[in-house]
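Trainee: I should like to understand how the terms used for a protein model follow from its values. May we go through some of them together?

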Amino acid sequence: MSASWTTPVHRPIRIARPIGLATGLTVLTLAVLFLVSSKVLQAVGIPYASTGGSPLTKFHPATFLALAALGTWAIVIGPGRLLAALAAQRPGILVFAMAIGLLTFQTAVVQQLPISAVVDTFVLPLALFISILALRATVMERLVIALHLFFLLNSTLGYAEYFTGWRLTPNYEGGALITYDWRSTALLGHPLINALATGVYLLILSGPGGRRFDLPIRTFLLIYSLGAMVAFGGRAATVMALALLTARGLLSLVKILAGRPFGRRDALAVIVVLTLIATIGSLLVQGGVLDTFLSRFEDDSGSAATRVAMFHIFDGMALRDVFFAPDLGHVASNQRRLDLAIGIESFVVAFFAYYGIVTTVIFFAGLVFFGAEIIRTVGTPGLIPLAYFFLVSSTSTGVANKTTDMALIMAMILIGLDRRFIPPISDGRS
């Protein structure tokens, strides 16, 4: 966000501009987003993901805080000035906002569904994006440190839960407490969300976002976080993270062989990390430590079959409904007929099934504009973590459901890849 946004504007009546309040609300939003999962809300008796209770309990607390922070920033900057700056400098944000408006209309008026899913899933990251960009460099520097400390603690909790069976955050499914799942819940509440976020963190750490650390610390954080993904048990997240990390390492090797200058420390980091991964991985497999995780690939509890059957969710549906407004009763009937107890295991298919082709295509276009604004902010290093998020999300209902995942990952990318704190690539003498 342009620094000029916070330049004082001369007014007939001088008013105190609550920059500190706006900053505090933004930081508090991030803290609640990372530390208060939907499972925590259920554990304390708030029916966030279950039936009953006040309609206000269906919105995540981070959403209220994000909207309050955005409103305060609008006062600090000036509503007209903020809107003009967005139109001139961040037009993709306004396109995404209009796409959200269309999706909200389709949800509330056409499909007559609660809007909490749209608000938490898409309004929250939109509001938080603007607020993060308005933060000063000194605040962002502290957030970068907090991000790394968070994932160090989260991985440690993942290990502790995996080996002891104790759970910091109880795991609920449909309002019922789950006790048979061996996967760790840690701070983010759900095993798969932990795996997804840790995978994004690995891609940030293995790229420019990790240059702030010396080689031993960076290597330790990479190995430690990668090992924690076993405790979280996310198959798609783990496989895709390993594939992207391997591709990144091979690409760097090819560039070096092609004559590109490189830093000795960077080359040594790649060699050490790959060697440690291979060595530790072999030892863990031979010792049987990974047996529980590997068994997830042998028995997926019907997940793969669901991904095949879900394409029949449109069977018997009128063409007009498919394009404009699917009959949700018909969709539910097909889901029961196909025995899709797990749900529609792809947010892309789920969007078409819930909202129709026209609304989905327009909304996805707005989502692309939002992604482009994220990349404009952090540069091309943000492409891989962002693509990873959508690839992993495409294997589940993901953002087609009520979730704060998108806000979480967006915040991680903006903070972890802030270009003001990424040291330049070292030369071959380093």
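Mentor: Let us begin with Val 118, which lies in helix α6, residues 116-133. The model is predicted.

Trainee: Why is Val 118 called buried?

Mentor: The relative accessible area of Val 118 is 2%. Buried means under 20%, and therefore Val 118, at 2%, is buried.

Trainee: Which residues are in contact with Val 118, leaving aside its neighbours within four places in sequence?

Mentor: They are Ile 100, Leu 103, Thr 104, Thr 107 and Val 123. In addition, Val 118 and Lys 402 are 7.0 Å apart in space, C-alpha to C-alpha, and 284 residues apart in sequence.

Trainee: What makes Lys 402 count as lying over the face of Tyr 48?

Mentor: Lys 402 is at 4.1 Å from the ring centre of Tyr 48. The distance cut-off is 6 Å, and the charge must also be within 35 degrees of the ring normal. The value of 4.1 Å satisfies the distance condition, and Lys 402 is listed as lying over the face of the ring.

Trainee: How do you know that the aromatic pair of Phe 34 and Phe 150 is edge-to-face?

Mentor: The structure holds 23 aromatic pairs. In the pair of Phe 34 and Phe 150, the distance is 5.2 Å centre to centre, with 80 degrees between the planes. Centres must lie within 6.5 Å to pair, and planes over 60 degrees apart count as edge-to-face; hence the name applies to this pair. Phe 34 belongs to helix α1 and Phe 150 to helix α7, 116 residues apart, and the pair links distant parts of the chain. Both Phe 34 and Phe 150 are buried.

Trainee: Why is the pair of Phe 351 and Tyr 355 called tilted?

Mentor: The planes of Phe 351 and Tyr 355 are at 45 degrees, and their ring centres are 5.2 Å apart. Stacked requires under 30 degrees and edge-to-face over 60; 45 degrees meets neither condition, so the pair is tilted. Phe 351 and Tyr 355 are separated by about one helical turn because they are four residues apart in helix α16. Phe 351 and Tyr 355 are buried.

Trainee: What makes Phe 324 partly exposed?

Mentor: Phe 324 has a relative accessible area of 47%. Buried is under 20% and exposed is over 50%, so a value of 47% makes Phe 324 partly exposed. Phe 324, in helix α14, joins Leu 319, Phe 323, Val 358 and Ile 362 in a nonpolar surface patch of about 460 Å². The largest share of this patch, three residues, comes from α14.

How values were computed: Residues numbered from 1 in each chain as written. Predicted model: local features only at pLDDT ≥ 70, side-chain atom pairs only at ≥ 80, totals over all residues. Heavy atoms only, no water. Patch = residues over 30% accessible without salt bridge, like charges linked within 9 Å, V, L, I, M, F, W, Y side chains within 5 Å. Areas by Shrake-Rupley, 256 points an atom, 1.4 Å probe, with all protein chains shown as cover. Salt bridge = Lys/Arg side-chain N within 4 Å of Asp/Glu carboxyl O. Helix = DSSP H or I, 4+ residues; strand = E, 2+ residues; numbered from the N terminus. Buried < 20%, exposed > 50% of the residue type's maximum accessible area, 1.4 Å probe, protein only. Phe/Tyr/Trp six-rings, centres within 6.5 Å; stacked < 30°, edge-to-face > 60°. Contact = heavy atoms within 4.5 Å.
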